[in-house]
Structures are given as structure tokens and as C-alpha cells.
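Here are some notes to keep beside you on a first look through this structure. Please read them with the viewer open, one point at a time.

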Amino acid sequence: MKRRNFLQKASLTSLGVMVSVSATSCKTKKEDTKPLSYLNNKGIKPIVIATWNVPNATAKAWQVLQNGGSALDAVEQGCRIEEEDTSNSSVGKGGLPDRDGNVTLDACIMDKDGNYGAVMNVQNITHVISLARRVMEETPHVILAGKGAEKFGYEQGFTKENLLTESSKKAWDKWKETSQYNPIINIENHDTIGMLAIDSRGDISGACTTSGLAYKMAGRIGDSPIIGSGLFIDNEVGGATATGMGEEVLKTVGSFLIVELMRQGKTPQEACEEAVRRVVKKSGDRFKDFQVGFIAINKEGETGAFCIHEWFTYTVYKQGENKNYKSSYYNKA
Ligand code: SD4
């Protein structure tokens, strides 16, 4: 559906006309089918890169690319794997709740044409990455938040689910014994998935989805759904995405910075390093207590990754190989 038809459709649904769109498949918009000869950079292979150790997600995205799918479909489908994996306590169903016990999700997606869609502070819907895509493709807006986003999701056929699993509830109950709130992204609270892909036509898209910081204040939004902070794509240059302490990424607009640095000639690795240095410099001494990690890709399919502290990893699927890598890092101390 075109954006201009949105208001018409919205009024139909408010009149009670059923909208039966499956929430599992999101191919409402025909993807570009430029011939492969369009590529002036013949070296480009399909490639997927994602934050953390998410081999199932990158494998899904790779499969989409191998079947000739677009980078946009690949990143959406890849992120959905983590959203439905209840063992990932930072994304989708099974994500750790806020301090009131509500699981609230943030996500955004960006395509090769610079279109962007995001949802934030969404409850009861697992596949917020698909919901973000619907915002991008089916509404005249780019961001929907909270109840409005949820309502739109149900109108689009998304299922209402309880996202608080037994184990997340147990963790929250334990946390409540002390209710200590130190918003430190540590080894127990990561795995937000940011994913970037180049398809066989050489086009780039990206996606990012998270339940945010565990035990955050109600209403808190991090970097992940914010254009330029948690994710940025420029199909002429490359893309970048972030994980870690969202407040710090937001203050430096890290993903946009990385893409702009690549535009000026830096490699993805150099650009990620510069962005991390920027975060560190702005934080004074505080960087010792939080993690930020970036990954990036350029139009040629070169990748980069850099973080503050040692333990950030990322997964790359290229040339048929799905591998997890340790990121290089700033804090050698
Ligand atoms: C946030 N950047 O909400 C996210 C958290 C994160 O792995 O990356 N967790 O601030």
C-alpha cells in the first residue's frame, strides 16, 4: 500500500473493516529488480554482518540473499530469528523487562533508498522489526511509539503476545530484591541485534531490534530505533549499526558519524574506531563502566568493528561462511 492510501485505509479499519495481512511475511512492497549488470563494482558478494554471536540470524539473512532476496528482506528476516528466540534476553520475546516488569521493544529498519521506519516502547508484539518495516512502507510517518504503534500492529495483523517469559520474570523478581539500578551494559545484558546486508545487486539495508536496557525506567528509549544513532544506511557509501549503552551512542550519533567518515574516505574499521574514540572522549572517565560497539560495512563489502571493552563480538556471513569474530577494542587497560 502506498503511503497516500494510508489515511483511507486507516479510516476503513476504524470503521471495522477487517485487515487480513499476515504478520509473518512482509513483502508488501515490490523490491527493486535491477539487473545484476547494474553493478559497477563487480567484486561485491552478498554479505551479512550482525552484532554479537547470532549465527542463526545471519544464516537466515544469508539464505534470503542466496535466494535472490533483497538486503531489506534479509535483515528483516534475520532479525526476526533473534526476536522469537526466548533465550536472547535483550531482544523480542524473552527480553528483560523495565523496572515495572513490562517488556518494551524498540526497532528500526532502513532501506537502500534511505527510507526509514521505527517503533519504540512497544509491548506485546514480538516482531517489532517487521512492525518498523510496516511503519516505513504503510504509513505517512517514520516513527510510531507505545500504544499507537501497538494499535497499528494489530490493525496490520500482528499477534498480541505476552513477552515476559518465566525466566525473564524470575530475573526481574531477583533484581527487585535489591532494585539496584546501575545502567551498565555488561556481559549479562547485551545481544541487541544490529544487522547490515548487501544483496547481489549491491544494495545495502540495515535493521536493529532490542528490548533495551534491562530494568530501565518506564518509557526509556535507547539508540537502537533512532536513525543515525543505532543504525544508518547510505546506499552510496555503506552502513553502520551500534550496540551497548544507548545513551552514549545517542549523544554522538554514532552510526551516522561512521557513514559520513566512510564517505570521506575512511575504511569501515577506521570509521568505527573514530566513532568509539568520540564516545570515549565525550564520556570523561565514565567509559570504564559502559560498553559501546559499532559494526560497519562499505559499498565494496569491506567490514569494520570496534568497541570500548574487550568482549564485543560480531558475526559475518560471506562467501558461504558464517563466522563469529572478536572485535578489536579501545580499552587496553
Ligand atoms: C539500548 N543499545 O537500548 C541498546 C542496548 C544494547 O545489547 O545494545 N544491548 O541502549
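The points below go from the overall picture to the sheet, then to the ligand and a few single residues.

1. **Overall picture.** Please keep in mind that this is a predicted model. The protein has nine helices and 13 strands. Of its 333 residues, 55% count as buried. Among contacts with a separation of 6 or more, 67% are made by residues 24 or more positions apart in sequence.

2. **The sheet.** A good place to begin is the open sheet of eight strands, where the pairing is mixed and the order reads β4-β3-β2-β6-β5-β1-β11-β12. Why do β4 and β12 each have one side without a neighbour in the sheet? Strands β4 (143-145) and β12 (321-326) stand at the edges and have a single partner strand each, so one side of each stays unpaired in the sheet. From one strand to the next, the twist averages 10 degrees.

3. **Helices on the sheet.** Two helices are worth finding next. Helix α2, residues 55-66, packs on the sheet and touches β1 (47-51), β5 (193-198), β11 (313-318) and β12. The direction of α2 makes about 155 degrees with that of β1. Helix α5, residues 146-155, also packs on the sheet, with β3 (116-122) and β4 as the strands it touches. Here the angle between the directions of α5 and β4 is about 105 degrees.

4. **Strand β11 and its partners.** Five of the six residues of β11 are buried, so this strand is mostly covered. On one side, β11 pairs with β1 in the antiparallel sense over five bridges, and Ala50 stands opposite Thr315 of β11. With β12, the pairing is antiparallel over six bridges, and Tyr314 has Tyr325 in β12 as its bridge partner. The hairpin of β11 and β12 has two residues between the strands, and Gln319 takes a positive phi near 45 degrees there. As you follow these strands, it helps to recall that side chains in a regular strand alternate between the two faces of the sheet.

5. **Strands β2 and β6.** Now move to the pair formed by β2 (residues 105-110) and β6 (residues 204-210), which run antiparallel and are joined by five bridges. Within this pair, Ala107 stands opposite Thr209 in β6.

6. **Thr210.** Strand β6 also holds Thr210. Is Thr210 buried or exposed? Its relative accessible area is 2%, so Thr210 is buried. The side chain of Thr210 reaches the backbone oxygen of Ser90 at 3.2 Å, and a polar contact of 2.6 Å joins it to the side chain of Thr192. Leaving aside residues up to four places away in sequence, Thr210 touches several others, including Val91, Thr104, Leu105, Asp106 and Ser224.

7. **Around the ligand.** Which residues are closest to the ligand? Of the 14 residues that surround the ligand, the closest are Thr192, Arg220, Asp223, Thr243 and Gly244. You can trace some polar approaches here. An N or O atom in the side chain of Asp223 is 2.6 Å from a nitrogen atom of the ligand. A polar side-chain atom of Thr243 lies 2.8 Å from a ligand oxygen atom, while a polar backbone atom of Gly246 is 2.9 Å from an oxygen atom of the ligand.

8. **Lys93.** In the loop between α3 (71-84) and β2 you will find Lys93. With a relative accessibility of 24%, Lys93 counts as partly exposed. The side chains of Lys93 and Glu161 are joined by a polar contact of 2.9 Å. Lys93 and Asn162 are 69 residues apart in sequence, yet their C-alpha atoms are 7.8 Å apart in space. Setting aside residues up to four places away in sequence, Lys93 also touches Glu83, Asp85, Thr86, Asn88, Thr126 and Leu163, among others.

9. **Cysteines.** How many disulfides does a search of the whole structure find? The search finds zero. Cys79 is in no disulfide, and the nearest cysteine sulfur, that of Cys208, is 7.3 Å away. At 0% relative accessibility, Cys79 counts as buried. Cys307 counts as buried too, with a relative accessibility of 0%.

Methods
Residues numbered from 1 in each chain as written. Predicted model: local features only at pLDDT ≥ 70, side-chain atom pairs only at ≥ 80, totals over all residues. Heavy atoms only, no water. Pairing = 2+ DSSP bridges. Helix = DSSP H or I, 4+ residues; strand = E, 2+ residues; numbered from the N terminus. Axes fitted to C-alpha atoms, helices over the stretch in contact; angles between N-to-C directions. Contact = heavy atoms within 4.5 Å. Disulfide = S-S within 2.5 Å. Buried < 20%, exposed > 50% of the residue type's maximum accessible area, 1.4 Å probe, protein only. Near = heavy atom within 4 Å. Polar contact = N/O pair within 3.5 Å; in protein donor to acceptor, adjacent residues only side chain to side chain.
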